[in-house]
Amino acid sequence: MESPAVSTWSEVPSLVPPGQLLYSIRPARTQRPCDWRRDVRAALRRPIGAPPLDQIVRPHGRVAILADDVTRPTPQRQILPVLLDVLNEAGVPDRDVTVIVALGTHRYMTRAEMREHLGDEVCARVSVLNHTWKDADTFVDLGTTPRGTPLKVNRLAYEADLLIGVGSIVPHIYAGWGGGAKIVVPGICSAESIGPVHSLAAEGGELLYVAGRADTACRMEIEQAAALAGLEFILNVVLDGAGEGAWAGAGEPLKAHKAGVAAAEKVFVTDIPAPADIAIVDARPAVLEYWQGIKALAHAARGIRRGGTAILVGDFPEGIETTHPDFSSYALCSEQEIVRAWEAGRIADHVAVAPLRLHALARAHCEVICVSGGMSMQDKEKLGFAHAAGVAEALDRALVKHGRAARIGVIECGGDVVPRLRVP
């Protein structure tokens, strides 16, 4: 990603006046990057808490693989062929495998995007389908979870003889951590299921501080719902700050995911000495639309003092959102106003409620100056953001507000990095 003010993100720290850089953080680098073919195959041969696939697959059974979409950096084109090879060796031919792109309520991927994200080989070998969440006929109604969440899941996935989830583990603003069972909820669920699950993240009143936490109410509901939907096996990876493989693991969804979280925490949760007055945050990899980029703003708010300024830098070529218009309509409301509007039935889209509340909390915590070539000035106004043409302009404006001695933080790949206040 490039911004109008700098040729590469690496030049951003040079814009910070001498002596004022409080912290500069990014995902950690691994010392031994994964060889995907070798390490994924090894993970599949020695799964965590589960038998190998050749002991799980049913003779003549159908396998559904859930893969994340283009908004995620998972190297699907490298790891899915290995999984298909292992399934072949276990007696499952390619004709009995379907890959479902677990979109949640993201926009449908084009065939060209599927080939780019999943790889030409995968698209040639097996059937690849979008989770068509806009079509009511896509779903089978499983009733409710014990907690009362309505559970409608993709029928093709539910009726498969073996359901495998493939994704990556990063901090997540509602679930605490992505990956694992999250490929099912929200990945292949209906909007009626997704909204209530995401709203659980607001329990306890600490929505800005959910990312990077384990055993959240949202995460536990996701895991229970995924078990009801039939998820038996996962293949998850962790990428480091250079986009290299830091970890690969497979197995029983809860146990394998827990092992992956331990690896991911070392990469993505980074100590800072104190909250900054100003933080420049790079939204990568969540830069397709602001609906994804809100992750970077929410993470960054944890590294900014209340009343400080966030400079949010992201391409966002698809603007604010592509499938949730209620978000744009209510983005200037306070959290309390959003809750009242939802309870009064004025917000029709339950999936938009948790993102709206998070957006409101971030805006209440800090001013936001947005540097984005993809969002118009009108888009930024709808979000309550100030516009700047480049990082240098935004920083100069923030320094005028907070004083030339203001403490400044820099967060690279802020869509994944979570600042954590260092305990003395």
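**Exercise 1. Which element gives the most to the lining of the largest cavity?** Work it out on this predicted model, starting from the space itself.

*Solution.*
Step 1: Start with the count, which comes to two cavities of 30 Å³ or more. The largest cavity holds about 500 Å³ of space.
Step 2: Look at what surrounds that space. There are 35 lining residues, and those closest to the centre are Arg-72, His-106, His-172, Lys-182 and Lys-295.
Step 3: Sort by element. Strand E7 (162–168), strand E8 (171–172), helix H6 (191–199) and helix H9 (290–301) each give two or more residues to this lining.
Step 4: Pick the winner: H9 gives the most, with four residues.
Step 5: Check the chemistry of the wall, which comes out as 16 nonpolar, 13 polar and six charged residues.

**Exercise 2. Find the residues that line the second largest cavity, then sort them by class.**

*Solution.*
Step 1: This cavity has a volume of about 60 Å³.
Step 2: Walk round its wall and you meet Asp-69, Val-70, Thr-71, Leu-103, His-106, Arg-107, Met-109, Leu-288, Glu-289, Glu-318 and Thr-322.
Step 3: By class, that makes four nonpolar, three polar and four charged residues.
Step 4: Keep an eye on His-106. It is in this lining, and it is also among the residues closest to the centre of the largest cavity.

**Exercise 3. Now for the open spaces: which helix gives the most to the lining of the largest pocket?**

*Solution.*
Step 1: The largest pocket has a volume of about 240 Å³.
Step 2: Its lining is made up of Trp-177, Arg-213, Ala-214, Asp-215, Arg-219, Glu-223, Leu-254, His-257, Lys-258 and Val-261.
Step 3: Two elements give two or more residues here, helix H7 (217–229) and helix H8 (253–268). H8 gives the most, with four residues.
Step 4: Sorted by class, the wall has four nonpolar residues, one polar and five charged.
Step 5: For the second largest pocket, the volume is about 180 Å³. Of its 15 lining residues, Pro-73, Asp-240, Pro-285, Cys-413 and Asp-416 are closest to the centre.

**Exercise 4. Is His-359 buried or exposed, and what does it touch?**

*Solution.*
Step 1: Find His-359 in helix H12 (residues 353–365).
Step 2: Its relative accessibility is 0%, so it counts as buried, the cut-off being under 20%.
Step 3: Look for a polar partner. A polar atom of the His-359 side chain lies 3.3 Å from the backbone oxygen of Ala-331.
Step 4: Leaving out residues up to four places away in sequence, His-359 touches Tyr-290, Ile-294, Phe-327, Ala-331, Leu-383 and Phe-385.

**Exercise 5. Follow two of the salt bridges and say which parts of the chain they link.**

*Solution.*
Step 1: The total is 25 salt bridges.
Step 2: Take Arg-125 and Asp-85, whose closest N and O atoms are 3.0 Å apart. Arg-125 lies in helix H4 (residues 120–125) and Asp-85 in helix H2 (residues 76–89), so the pair ties together parts 40 residues apart in sequence. Both residues are buried.
Step 3: Move on to Glu-412 and Arg-284, at 3.2 Å between the closest N and O atoms. Glu-412 sits in the loop between strand E17 (408–411) and strand E18 (418–421), and Arg-284 in the loop between strand E13 (276–282) and H9, 128 residues apart.
Step 4: Compare accessibility: Glu-412 is buried at 18%, whereas Arg-284 is partly exposed at 22%.
Step 5: Finally, trace shared partners, which join Arg-37, Asp-85, Asp-94, Glu-121 and Arg-125 into one network.

Key. Residues are numbered from 1 along each chain as its sequence is written. This is a predicted model: local features need pLDDT of at least 70, side-chain atom pairs count only at pLDDT 80 or more; totals for chains, interfaces and linings use all residues. Side-chain values use heavy atoms; hydrogens and water are left out. On a 1 Å grid over the protein atoms alone, a cavity is a set of points where a 1.4 Å probe fits but cannot get out, and a pocket is an open set with protein on both sides within 12 Å along at least five of seven lines; lining residues have an atom within 4 Å of a point. Grid points are joined across faces, edges and corners, and a volume is the space filled by probe spheres set on the points. Ala, Val, Leu, Ile, Met, Phe, Trp, Tyr, Cys and Pro count as nonpolar, Asp, Glu, Lys and Arg as charged, and the others, Gly among them, as polar. Buried means under 20% relative accessible area, exposed over 50%, partly exposed in between (1.4 Å probe, protein chains only). A polar contact is a pair of N or O atoms within 3.5 Å; within protein, one must be able to donate a hydrogen and the other to accept it, and residues adjacent in sequence count only if both atoms are side-chain atoms. Contact means heavy atoms within 4.5 Å. A salt bridge is a side-chain nitrogen of Lys or Arg within 4 Å of a carboxyl oxygen of Asp or Glu.
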